[in-house]
Amino acid sequence: MDDPRRYLPAVDVLLSHQAMERSQVSRRLKRRAVRDLLIEERKRLSQANATSLDQEQLATRALVRAKALAASNAPSVFNLTGTVIHTNLGRAPLAESAIEALTRAARQSLALEYDIDSGQRGDRDQVVESLLCELTGAEAATVVNNNAAAVVLTLSALGAGREAVISRGELIEIGGSFRLPDIMHTSGCYLREVGTTNRTHARDFEQAMGEATGMIFKAHTSNYAVEGFKAAVEESELARIAHARDVPFIVDLGSGALTDMAALGLPDEARPRQSIEAGADVVTFSGDKLLGGPQCGLIVGSRDCIDRIRRHPLKRALRVDKLIMSALEATLQLYRDSDEIERDIPTLALLTRAEADIAATAERLLPIVAERLPQMQVSIAACKSQLGSGALPVDRLPSRALVITPATHERRSGERSLRQIEAAFRQLPRPVIGRLHDGALWLDLRCLQSESDEHAFMEQLCHLSLNREQGS
């Protein structure tokens with residue numbers, strides 16, 4: 001019998017196939033995909049009873065490979081998880097003006113560290129420092145690549161070799177195994193815990209102060225809340241105790257809102273200005289959470305402390321580039337200038353979206369999704385969205401979800417169908433990310449706000465028809 005490997009087409013033959021010729025994928029990637037496929041086919045055909053594929057099948061498989069090579073490893077997705085500021089999905093979407101500023105910075109040279117008036121070298125912090133000071137009431141400000149870096153840099157610059165006094169109930173751990181005790185150790189500080197998990201008093205801090213004390217540190221609790229029999233010391237009192245011993249008082253706010261959330265009808269969240277007014281010497285917070293900007297860590301406070309932080313060797317290693325700085329400046333300008341901040345900052349727009357508007361979206365989508373999944377039960381249910389990224393961990397926002405439930409009552413079969421349909425949504429041209437809960441796939445529609453996104457979601461549902469057997 002003839003060896004079937006002899007009849008495999010040449011690379012150029014498959015590249016000249018009509019489907020390959022029509023594809024917009026670069027010829028270089030198509031050639032790579034064809035070569036890789038033919039290598040695998042030769043190995044497969046060397047096995048007994050292996051059957052050959054025709055040229056049509058080979059070209060189709062090679063094209064799938066080429067498209068996979070060309071695709072982004074971080075594609076755009078629909079965030080229907082119910083977590084608005086989702087760390088795994090990129091956190092806050094940027095405002096249009098921030099996107100424009102970022103694009104301009106990417107295309108052109110700009111005065112990042114150049115003083116136009118003097119013609120001399122400048123400092124990149126000057127791009128946003130005046131805005132940050134105006135919005136927070138601080139004397140000075142600097143920017144690093146995320147809030148974890150802001151905490152590390154601040155501790156290193158202001159407290160290395162000395163004790164950082166902190167309430168035991170604030171020794172937080174957040175996503176990615178970011179543990180505050182470990183960060184303090186890495187920064188060269190010595191952790192000095194005071195109080196108990198649920199109750200800490202001013203006398204606990206006063207008794208801990210001594211020659212080795214380098215600072216008092218307060219961490220805003222993220223991803224959890226202490227309730228019931230509890231007590232905490234006010235920031236103004238902590239500032240008084242620290243300043244009486246001539247050491248700085250540092251506050252890490254984590255999410256860090258720049259606007260009054262309660263005035264927007266949302267749960268209240270601590271703001272940097274409040275901490276500065278209470279006497280904090282340094283406040284750190286994130287740029288890509290409740291602020292709604294790019295990923296960065298913001299450090300604001302007294303001129304003396306910020307200057308010491310800027311001079312630290314880590315500052316250069318942790319600085320941000322022109323893209324981040326440009327997007328951040330545009331975002332901060334919105335906070336200064338906008339008459340409707342809840343409209344102009346996309347994160348705030350999502351958080352303040354009316355429940356009735358979300359319900360209307362659900363009503364429009366229900367028949368379309370149900371038509372594509374005839375073997376599943378699709379319904380609308382009230383649900384609660386969460387802010388995410390450690391912000392306001394207890395508070396929830398009323399929302400609506402499409403709930404997709406297996407029609408079968410047999411548990412194993414139902415679980416298998418549910419996993420298959422959840423995977424099918426993830427395999428759409430623009431993946432749809434929901435959450436599995438209580439035996440169903442929940443698609444929280446809070447983040448499906450714009451007409452263009454809703455239309456794009458509906459348009460691609462036709463691809464689910466290819467997977468109808470998965471719902472059976």
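In the predicted model, the largest nonpolar core comprises 53 residues, of which Leu132, Val143, Ile216 and Phe285 touch the most other members. The greatest contribution to this core comes from helix α14 (residues 322-337), which supplies 5 residues. At least three residues of the core are drawn from each of domain 2 (78-89 + 352-463) and domain 3 (96-344). Such an arrangement may be set beside a general tendency: in soluble globular proteins, nonpolar side chains tend to be buried together. For Ile216, when neighbours within four places in sequence are left aside, the contacts are Val165, Phe205, Met209, Leu238, Ile241, Ala242, Pro248, Phe249 and Ile250. Another core, of 28 residues, lies apart from the one just described and has Ala149, Leu155, Leu158 and Met215 among its members.

The domain assignment divides the chain into domain 1 (7-70), domain 2 (78-89 + 352-463) and domain 3 (96-344). A distance of 54 Å separates the C-alpha centres of domain 1 and domain 3.

Two helices, α3 and α4, were examined within the first of these domains. Helix α3 (27-45) contains 19 residues, and its end C-alpha atoms are 26 Å apart; this agrees with the 27 Å that these residues should span at 1.5 Å a residue. Its buried residues are Leu29, Lys30, Ala33, Val34, Leu37, Leu38, Glu41 and Leu45. These residues cover an arc of only 165° around the axis and are therefore placed on the same side of α3. The face of α3 turned away from this buried side bears the exposed residues Arg28 and Lys43. The elements covering the buried residues of α3 include α1, α2 and α4.

Helix α4 (residues 55-70) has 16 residues and extends 22 Å from its first C-alpha to its last, close to the 22 Å expected at 1.5 Å a residue. Leu58, Ala59, Ala62, Leu63 and Ala66 are buried in this helix. Viewed down the axis of α4, the buried residues fall within an arc of 130°, so they line one face of the helix. The underlying geometry is general: an α-helix has 3.6 residues a turn, so residues three or four places apart point the same way. Exposed residues Val64 and Ala68 are carried on the face of α4 turned away from its buried side. The packing partners of the buried residues of α4 are α1 (11-15), α2 (18-22) and α3 (27-45). At the start of α4, the backbone nitrogen of Glu56 is approached to within 3.1 Å by a side-chain oxygen of Asp54.

Among individual positions, Lys218 is located in strand β7 (residues 213-219). Lys218 has a relative accessible area of 15% and is therefore buried, the cut-off for burial being under 20%. The side chains of Lys218 and Glu170 are joined by a polar contact of 2.9 Å. With residues up to four places away in sequence not counted, Lys218 touches Glu170, Val233, Glu235, Leu238, Phe249, Ile250, Val251 and Asp252.

Thr200 occupies the loop between β6 (190-194) and α9 (202-208). With 4% relative accessibility, Thr200 counts as buried. A polar contact of 2.7 Å links the side chain of Thr200 to the side chain of Ser167. Beyond residues up to four places away in sequence, Thr200 touches Ser167, Val194, Gly195, Phe205, Ala231, Ala232 and Val233.

Leu153 belongs to helix α7 (residues 147-159) and, at 0% relative accessibility, counts as buried. Leu153 and Thr142, 11 residues apart in sequence, are 11 Å apart from C-alpha to C-alpha. Residues up to four places away in sequence being excluded, Leu153 touches Val144, Ile299, Ile309, His312, Leu314, Lys315 and Leu318.

Towards the end of the chain, Leu464 lies in the segment after α19 (451-460). Leu464 is buried, its relative accessible area being 0%. Not counting residues up to four places away in sequence, Leu464 touches Arg372, Leu373, Ile421, Ala424, Phe425 and Leu428. The C-alpha atoms of Leu464 and Asp2 are separated by 42 Å, these residues being 462 residues apart along the chain.

Terms used: Residues numbered from 1 in each chain as written. Predicted model: local features only at pLDDT ≥ 70, side-chain atom pairs only at ≥ 80, totals over all residues. Heavy atoms only, no water. Helix = DSSP H or I, 4+ residues; strand = E, 2+ residues; numbered from the N terminus. Expected span 1.5 Å × (residues − 1). Buried < 20%, exposed > 50% of the residue type's maximum accessible area, 1.4 Å probe, protein only. Arc of directions from axis to C-beta. Contact = heavy atoms within 4.5 Å. Polar contact = N/O pair within 3.5 Å; in protein donor to acceptor, adjacent residues only side chain to side chain. Core = buried A, V, L, I, M, F, W, Y, C linked by side-chain atoms within 4.5 Å. Domains from an automatic or database assignment.
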